[in-house]
Amino acid sequence: MGLLDDKIVLVNGGSQGVGAAIARAAVREGATVAVTGRRPEPGEALVAELSAGGGRAMYVQADLSDAEQAKASVAEVVDAYGRIDCLVNAAGLTSRGTLLDTTPELFDAHIAVNLKGPFFAMQAAVADMVARKAPGTIVNIITTSAHGGQPFLAPYVAAKAGLMGLTRNAAHAHRWDRIRINGLNIGWTATEGEDAVQRAFHGAGDDWREQAAARLPMGKLGQPDEIADFVVLLLSDRSGVVTGSVIDWDQTVLGGLD
């Protein structure tokens with residue numbers, strides 16, 4: 001449909017998982033896409049895939065836990081293409097910790113990746129949009145766990161709840177700049193990263209996806225490509241004036257009781 005024709009889109013954490021799915025969907029809808037990641041191999045492989053299909057894409061090596069690298073990822077896109085129109089913050093750290101066993105180091109790691117990185121990437125992107133007096137859109141990938149979450153996700157919840165509040169704060173602050181900022185609270189999703197977490201922290205076997213799906217109302221985990229389509233809609237003009245919304249993308253209805 002060309003929902004993102006001629007748009008310059010940066011997907012932080014875009015080399016795999018939900019971020020990579022968003023990059024693919026954005027290119028399919030006409031965007032020029034930059035993806036960041038810490039490891040060059042998956043990032044460069046994704047860019048090669050997108051380019052082979054006729055898309056325009058670039059890889060930016062960046063560790064989003066470092067605020068300066070988060071800002072520099074935006075600067076590199078602006079240097080390459082002259083501007084940034086859309087930003088997606090999809091990087092995430094999901095390592096486990098409870099209130100009682102989380103170390104200061106683990107807490108700081110979650111804050112760095114899940115909150116500080118998005119904050120300073122947004123700062124740099126919004127600064128470019130404001131300087132050009134141009135509209136723009138930002139989507140933050142958050143989590144339904146930001147509403148409370150499981151006991152073993154304490155530092156993750158703390159950081160992502162901060163990102164949920166930041167999304168609304170920044171949207172309010174920049175609505176008169178015509179910069180729309182929204183968030184997506186995704187639930188349990190089938191990604192490479194989730195596979196690694198399930199195996200490392202929960203002793204999961206090769207069939208964990210099938211077992212998990214059987215316990216879920218819709219009979220399946222969240223799918224990255226479906227999430228990506230919705231993110232593209234939020235980035236596009238077809239989402240109209242929507243800003244400051246944090247939308248739950250899950251099959252659990254908060255507040256519903258059996």
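Two residues are in contact when heavy atoms of theirs lie within 4.5 Å of each other. Keep that in mind for the close-up views below, which all come from a predicted model.

**Figure 1. Lys160 and the residues it touches.** Leaving out residues up to four places away in sequence, Lys160 touches Ala91, Asn114, Ile141, Ile142, Thr143 and Ala146. Look for Lys160 in helix H5, which covers residues 154–173. Is Lys160 buried or exposed? With a relative accessible area of 3%, Lys160 is buried, because buried means under 20%. One of its touching partners, Ile141, also offers a polar atom: the backbone oxygen of Ile141 lies 2.9 Å from a polar atom of the Lys160 side chain.

**Figure 2. Asn12 in strand E1.** Strand E1 runs over residues 8–12, and Asn12 is found in it. The relative accessible area of Asn12 is 0%, so this residue counts as buried. Which side chain makes a polar contact with that of Asn12? The partner is Asn89, and the polar contact between the two side chains is 3.4 Å. Asn12 has other neighbours to find as well. Not counting residues up to four places away in sequence, Asn12 touches Thr36, Leu64, Ser73, Leu87, Val88, Asn89, Ala90, Ala91 and Ala121. Ala91 may look familiar from the first view, as Lys160 touches it too.

**Figure 3. Ala31 in a loop.** Here we move to the loop between helix H1 (17–28) and strand E2 (32–37), the place of Ala31. Ala31 is buried, with a relative accessible area of 5%. Setting aside neighbours within four places in sequence, Ala31 is in contact with Leu4, Lys7, Val9, Ala26 and Arg56. For a sense of scale, try finding Pro217 too: Ala31 and Pro217 are 186 residues apart along the chain, and their C-alpha atoms are separated by 34 Å.

**Figure 4. The second largest pocket and its lining.** How much space lies in the second largest pocket? The value is about 170 Å³. The residues that line this pocket are Lys7, Asp85, Cys86, Pro135, Gly136, Thr137, Arg178, Arg180, Leu235, Asp237, Gly240 and Val241. By type, the lining divides into four nonpolar, three polar and five charged residues. Lys7 has already appeared in the view of Ala31, as one of its contacts.

**Figure 5. Asp6 and Arg178, two residues with positive phi.** Neither Asp6 nor Arg178 is a glycine, yet each has a positive phi. For Asp6 the angle is about 70 degrees, and for Arg178 it is about 60 degrees. Where do the two residues sit? Asp6 is in the segment before E1, while Arg178 is found in the loop between H5 and strand E6 (179–186). Asp6 is exposed, with a relative accessible area of 64%. Arg178 also counts as exposed, at 51% relative accessibility, because the exposed class begins over 50%. Arg178 is one of the residues lining the second largest pocket.

**Figure 6. Stepping back to the protein chain.** The secondary structure comes to eight helices and seven strands. The radius of gyration is 18 Å, close to the 18 Å that the globule rule gives for 258 residues, so the chain is as compact as a globular protein of that length. Along its principal axes, the C-alpha trace spans about 50 × 40 × 35 Å. Buried residues make up 50% of the 258 residues. Among contacts between residues at least 6 apart in sequence, 71% join residues at least 24 apart.

Notes: Residues numbered from 1 in each chain as written. Predicted model: local features only at pLDDT ≥ 70, side-chain atom pairs only at ≥ 80, totals over all residues. Heavy atoms only, no water. Helix = DSSP H or I, 4+ residues; strand = E, 2+ residues; numbered from the N terminus. Buried < 20%, exposed > 50% of the residue type's maximum accessible area, 1.4 Å probe, protein only. Polar contact = N/O pair within 3.5 Å; in protein donor to acceptor, adjacent residues only side chain to side chain. 1 Å grid on protein atoms, 1.4 Å probe; cavity = no way out; pocket = protein on both sides within 12 Å on 5 of 7 lines; lining within 4 Å. Points joined across faces, edges and corners; volume = space filled by probe spheres on them. Nonpolar A, V, L, I, M, F, W, Y, C, P; charged D, E, K, R; others polar. Rg over C-alpha atoms; globule rule 2.2 N^0.38 Å.
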